[in-house]
Structures are given as C-alpha cells and as structure tokens.
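Visitor: Could you take me through the helix packing in this model, with a close look at how the helices cross? I would also like to hear how far the prediction can be trusted.

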Amino acid sequence: MTRARMPRPHEVAAARRDPRLLRAVRERQQDDAWRTRGTCQSVDPETFFPAPNEPADAAVALCRGCDVQGSCLAWALDVGDCHGVWGATTPRERRAMLVAWRGEVEPDPDAVDDPGPPVRDRLLTLVPLS
C-alpha cells in the first residue's frame, strides 16, 4: 500500500475554484437526511470503493447526477474521509479540497475575535460566481 502524498499548492488552488467544493460549502449542514436520497442507495456499495488500480469513473458518473452531491462531499470533508468516491470526487481530489476546506471552513484558533466574512463570502472572493 502506498502513502498518499500531500497535495501541491497548485492543486489546492485549483480545488478552491472547483464548483463541487463551492457547492459543498453552500450545502454544508443544510440537509441532515441527504443519505436517504442519494443515488448510491440503489447501487452496489463496492462501486464507490474501487481498488487503487481500478478507475472510479462509474462511481463519479453516478454521483454527478445526484441531487445530494454537495451534502455528500461536505460530509466527507468534515470527517476527513479519504477512501472511496464521495460527492463525485476521488480520494486524490478530496485531499486537495480538504486543505482548502480546513483553511476556509474551520475556525483558526489563533485568530483574533473578528472572524471576518462568512465562509461562503471568503470562498467567493477567491472565485466569483458568474
């Protein structure tokens, strides 16, 4: 088994602009019952956990059409899940998103009392929606 490498700065920068991450930020903690409505409920769970040398294309394609994709990805980033396909992302993609997520979503314990703009606004200043 190989160790996962830390994402490079350009990968994290790309992750910050990824529409899937922006959707996850918008839908974070918005829907507690998202699991019951996921497309994955009607598919063999092994589809979403391919072996390391197998492509995850089938799972990612299923997730792309799912209504709860953002909530699913937000959950995976919140818990730091690094296995399988969640919210139409592979583990490699999520590692870069996780760095961006933790930097933008989790509060900084060393920060001063003023937390600044809400998380969504901070992400949107990096990548305006058009």
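Guide: Happy to. For crossing angles, 65 to 115 degrees counts as roughly perpendicular, under 35 as roughly parallel, over 145 as roughly antiparallel, and the rest as oblique. Please keep in mind that this is a predicted model.

Let us begin with α2, which spans residues 19–27. The axis of α2 comes within 7 Å of the axis of α5, and the two cross at roughly 85 degrees. That angle falls in the 65 to 115 band, so α2 and α5 are roughly perpendicular to each other. On the α2 side, the residues that meet α5 are Arg20, Leu21, Arg23, Ala24 and Glu27. Facing them from α5 are Gln69, Gly70, Ser71, Leu73, Ala74 and Leu77. By class, this contact holds five nonpolar, three polar and three charged residues.

Helix α2 also packs against α1, residues 9–17. Here the axes come within 5 Å and cross at roughly 55 degrees; α1 and α2 are therefore oblique to each other. From α1, the contact uses Ala15, Arg16 and Arg17, while α2 brings Pro19, Leu21 and Leu22. These residues divide into four nonpolar and two charged, with no polar ones. Leu21 of α2 thus appears in both contacts, meeting α5 and taking part in the contact with α1.

Following α5 (69–79) further leads to the second largest pocket, since α5 supplies at least two residues of its lining, as do α3 (34–37) and α4 (57–64). This pocket holds about 320 Å³ of space. It is lined by 20 residues, and the closest to its centre are Cys40, Phe48, Cys72, Val85 and Trp86. The lining has 13 nonpolar residues, along with five polar and two charged.

Now to your question of trust. The protein chain has an average pLDDT of 81, and 76% of the residues score at least 70. Confidence is highest in α4, at 95, and lowest in helix α7 (residues 119–126), where the mean is 48. Two stretches stay under 50: residues 111–115, with zero contacts beyond four places in sequence, and residues 122–130, with 14 such contacts. Where pLDDT is low, the predicted coordinates should not be read in detail.

Key. Residues numbered from 1 in each chain as written. Predicted model: local features only at pLDDT ≥ 70, side-chain atom pairs only at ≥ 80, totals over all residues. Heavy atoms only, no water. 1 Å grid on protein atoms, 1.4 Å probe; cavity = no way out; pocket = protein on both sides within 12 Å on 5 of 7 lines; lining within 4 Å. Points joined across faces, edges and corners; volume = space filled by probe spheres on them. Helix = DSSP H or I, 4+ residues; strand = E, 2+ residues; numbered from the N terminus. Nonpolar A, V, L, I, M, F, W, Y, C, P; charged D, E, K, R; others polar. pLDDT = per-residue confidence, 0-100. Contact = heavy atoms within 4.5 Å. Axes fitted to C-alpha atoms, helices over the stretch in contact; angles between N-to-C directions.
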